[in-house]
Amino acid sequence: MYDITYSSEVRAAQAAALPVVALESTIITHGMPYPQNIETAREVEAEVRAHAAVPATIAVLEGRLHIGLEDHELETLAKAQDVAKLSRADLAACLAMKGTGATTVAATMIAAHIAGISVFATGGIGGVHQGAELSFDVSADLQELAQTPVTVVAAGAKAILDIPKTLEVLETLGVPVIGYGQSEFPAFWSRASGLAAPLRMDTAKEIAKAHAMRAALGLPGGQLVGNPVPETAEISRETLAPIIEQAQSEARAQGISGKSVTPFLLARIFELTDGRSLATNIALVLNNARLAAQIAGEISRQG
Ligand code: PSU
Ligand code: MN
């Protein structure tokens, strides 16, 4: 029905039952500017390999679902303009119309599950936007965590979101939210959010066991692991608060809505921090790739 292409590396890993980590592509096309996006994508893949797993960056290229990209495909995607941003609602239509698109957390989870991949590393998940009580802007990432059995490693939720409401919705949806190595839920650029993580685990092994336990119980859905950004790369909440405030008021003034909100805010925060937010973003994605590789390794050992 649809065309699926595995990279040579992922195909070999799966044939040998080696651990594989899924990676999203929206962060490449909509989350970071060129050329830092391609440099980061390559570094993240290298980080997964350095921790005994194989990376599978996921995207739709000319109507084919790709599980793992060859380097030239990664490069093409990183340079492309006007690539579609694919969430759950968009994936089938993009394949049907032979389009090209980058997958968000939600669409990457769907594709990872189709490909039999249990663990996925990203930067931050989508969530409940500030002002959602009026705009109804709640990322499809949250619903996806409720229904697709993939463990997602993120540095928490971006401070551009309403983090308390995001945690409430995840609780309602029955999604386990795990603080890794700390009791607080991290806030992407900052280690602290001021909010407790509902669960805490200190090892990849525990996270892998909890992943398997949900399947054993017949529970659908995945887990969200909040892995705090390394201390050396973090930007404090106090520093960021006025910058986020400014970016948000500009978004409101310019009538930015829907899919454009997250990319707009990320780009403005990058400018307003003179690029510092990007350095932090890169550090936290690498940190998440490392932990995801360890979890994937534990899952395959517990097999
Ligand atoms: N994390 C980043 N940069 C990003 C995103 C996450 O560091 O660009 C993307 C992810 O793909 C996530 C999406 O799924 O933003 C959420 O978008 P929305 O709020 O429109 O659902
Ligand atoms: Mn949205």
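Where does A17 lie in this chain? A17 is found in the loop that runs between α1 (8-15) and β2 (20-23), where helices (H or I, at least four residues) and strands (E, at least two) are DSSP runs numbered from the N terminus. The phi angle of A17 is near 55°, which is a positive value in a residue other than glycine, and A17 is exposed, with a relative accessible area of 59%. Here buried means under 20% relative accessible area, exposed means over 50%, and partly exposed lies in between (1.4 Å probe, protein chains only).

The model is a predicted one, in which local features need pLDDT of at least 70 and side-chain atom pairs count only at pLDDT 80 or more, while totals for chains, interfaces and linings use all residues. Residues are numbered from 1 along each chain as its sequence is written, chains are lettered from A and ligands numbered from 1 in the order in which they are written, and side-chain values use heavy atoms, with hydrogens and water left out.

The chain is assigned domain 1 (1-117) and domain 2 (122-303), with bounds that come from an automatic or database domain assignment. The C-alpha centres of domain 1 and domain 2 lie 19 Å apart, and 30 residues of domain 1 are in contact with 31 residues of domain 2, contact meaning heavy atoms within 4.5 Å.

The interior can be followed next. The largest nonpolar core has 99 residues, and those with the most contacts inside it are V21, I67, V152, W189, L224 and I295; such a core is a set of buried Ala, Val, Leu, Ile, Met, Phe, Trp, Tyr and Cys residues joined through side-chain atoms within 4.5 Å. Helix α13 (residues 276-302) gives the most to this core, with twelve residues, and the core draws at least three residues from each of domain 1 (1-117) and domain 2 (122-303). Leaving aside neighbours within four places in sequence, I67 is in contact with several residues, among them I4, Y6, V10, I58 and I117.

We now turn to the ligand. Of the 17 residues around ligand 1, those that come nearest are E24, K85, V105, S139 and D141, a residue being near if one of its heavy atoms lies within 4 Å of the molecule. An N or O atom in the side chain of E24 is 2.6 Å from an oxygen atom of ligand 1, and a polar side-chain atom of K85 lies 2.8 Å from an oxygen atom of ligand 1. A polar backbone atom of G124, in turn, is 3.1 Å from a nitrogen atom of ligand 1. The protein covers 95% of the 480 Å² of accessible area that ligand 1 has on its own, with areas taken from the Shrake-Rupley method with a 1.4 Å probe.

Some individual residues complete the tour. H129 lies in the loop between β7 (119-121) and α7 (132-135) and is buried, with a relative accessible area of 7%, whereas V169, in helix α9 (residues 163-172), is partly exposed at 27%. In helix α12 (residues 261-272) one finds R268, whose side chain is joined to that of E271 by a polar contact of 2.4 Å; a polar contact is a pair of N or O atoms within 3.5 Å, and within protein one must be able to donate a hydrogen and the other to accept it, while residues adjacent in sequence count only if both atoms are side-chain atoms.
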